[in-house]
Amino acid sequence: MRKLLIILTSLLLTACVDDSASYHVDGENGSHVLTLHRVQKHFWSKDSDVEIIIQHLPDCLRRIPLTDMPADDVEVELLSGGDNVWTLRAGEEVWQVESQTCSQYPDVKGDGGELIGVFRVDEKKLVFEAAVLESVPDTAPANK
């Protein structure tokens, strides 16, 4: 009976999601990181809680809850407005945070800035995909 309970318990936990993906502002070994974290609290729930974890050591480290999203359909854009101001956008929802003091602005100001990348689910795992900058085509005539 005990073995059956252990097996059933482990099966119930396999449906839960608890993972994160990070954007390293100052490189892989730096101390300035923005991490999106999603957690599905109950195996029967289709939604997950999504939060941003801001780390800018030694100045601050903070978790800021954002929203609930379908666990397998998390997609959040990360934009940089400069001066450590970051905008997170998921559909119609928008949040703005500042990573020098790890604070969230009550109102979003401006257009959010330059797209840095997207946090999204890829093969059931949360990942960060950096934005690809489009190159401007050379319009100068070629010398022959």
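G113 is partly exposed, with 35% relative accessible area. This glycine belongs to a predicted model, and its place in the chain is the loop between β8 and β9. Leaving out residues up to four places away in sequence, G113 touches L79, S80 and G81. T87 is 26 residues from G113 in sequence, yet the two C-alpha atoms are 7.7 Å apart in space.

**S80 and strand β5**

One of the residues that G113 touches, S80, is found in strand β5. A polar atom of the S80 side chain lies 3.3 Å from the backbone nitrogen of G82. When neighbours within four places in sequence are left aside, S80 is in contact with V85, W86, G112, G113, E114 and I116. The contact between S80 and G113 therefore appears from both ends: in the list for G113 and in the list for S80.

Strand β5 covers residues 75-82, and strand β6 covers residues 85-90. These two strands run antiparallel and are joined by five bridges. They form a hairpin with two residues between them. D83, in the turn, has a positive phi of about 50°. Within this pairing, E77 stands opposite R89 in β6.

Strand β5 also pairs with strand β9, residues 114-122. Here six bridges join the strands, which again run antiparallel. As one example of a bridge pair, L79 in this region has L115 in β9 as its partner.

**The four-stranded sheet**

Another part of the model is an open sheet of four strands in the order β1-β2-β3-β4, with antiparallel pairing. Which strands lie at the edges of this sheet? The edge strands are β1 (18-24) and β4 (60-70), and each of them pairs on one side only. From one strand to the next, the twist averages 20°.

Strand β3, residues 47-56, pairs with β4 over 10 bridges in the antiparallel sense. One of the bridge pairs is Q55 with L61, the latter in β4.

In general, side chains in a regular strand alternate between the two faces of the sheet.

**Salt bridges**

How many salt bridges does the structure hold? There are five. In general, side chains of opposite charge can pair when their charged atoms come close. The table gives three of the pairs, including their N to O distances.

| Salt bridge | N to O distance | Strands |
|---|---|---|
| D19 and R38 | 2.6 Å | β1 and β2 |
| R63 and E51 | 2.3 Å | β4 and β3 |
| R89 and E77 | 2.5 Å | β6 and β5 |

D19 lies in strand β1 and R38 lies in strand β2 (residues 32-39), so their salt bridge ties together parts that are 19 residues apart in sequence. Both of these residues are buried.

The side chains of R63 and E51 also meet in a salt bridge. This pair links strand β4, which holds R63, to strand β3, which holds E51, and the two residues are 12 apart in the chain. E51 counts as buried because its relative accessibility is 15%, and the cut-off for buried is under 20%.

The third pair in the table belongs to the hairpin. R89 is in strand β6 and E77 is in strand β5, so the salt bridge ties together parts that are 12 residues apart in sequence. Are these two residues buried or partly exposed? R89 counts as partly exposed because its relative accessibility is 29%. E77 is partly exposed as well, with a relative accessible area of 24%. The pair that meets in this salt bridge is also a pair of residues standing opposite each other in the two strands.

**The disulfide**

A search of the whole structure finds one disulfide. It joins C60 to C102, with an S to S distance of 1.9 Å. The link is right-handed, with 70° about the S-S bond. C60 lies in strand β4 and C102 lies in the loop between β7 (93-98) and β8 (103-104), so the disulfide ties together parts that are 42 residues apart in sequence.

Where do the cysteines stand in terms of burial? C60 counts as buried, at 10% relative accessibility. C102 counts as buried too, at 2% relative accessibility. Another cysteine, C16, counts as partly exposed, at 27% relative accessibility.

Note on methods
Residues numbered from 1 in each chain as written. Predicted model: local features only at pLDDT ≥ 70, side-chain atom pairs only at ≥ 80, totals over all residues. Heavy atoms only, no water. Pairing = 2+ DSSP bridges. Axes fitted to C-alpha atoms, helices over the stretch in contact; angles between N-to-C directions. Salt bridge = Lys/Arg side-chain N within 4 Å of Asp/Glu carboxyl O. Buried < 20%, exposed > 50% of the residue type's maximum accessible area, 1.4 Å probe, protein only. Disulfide = S-S within 2.5 Å. Polar contact = N/O pair within 3.5 Å; in protein donor to acceptor, adjacent residues only side chain to side chain. Contact = heavy atoms within 4.5 Å.
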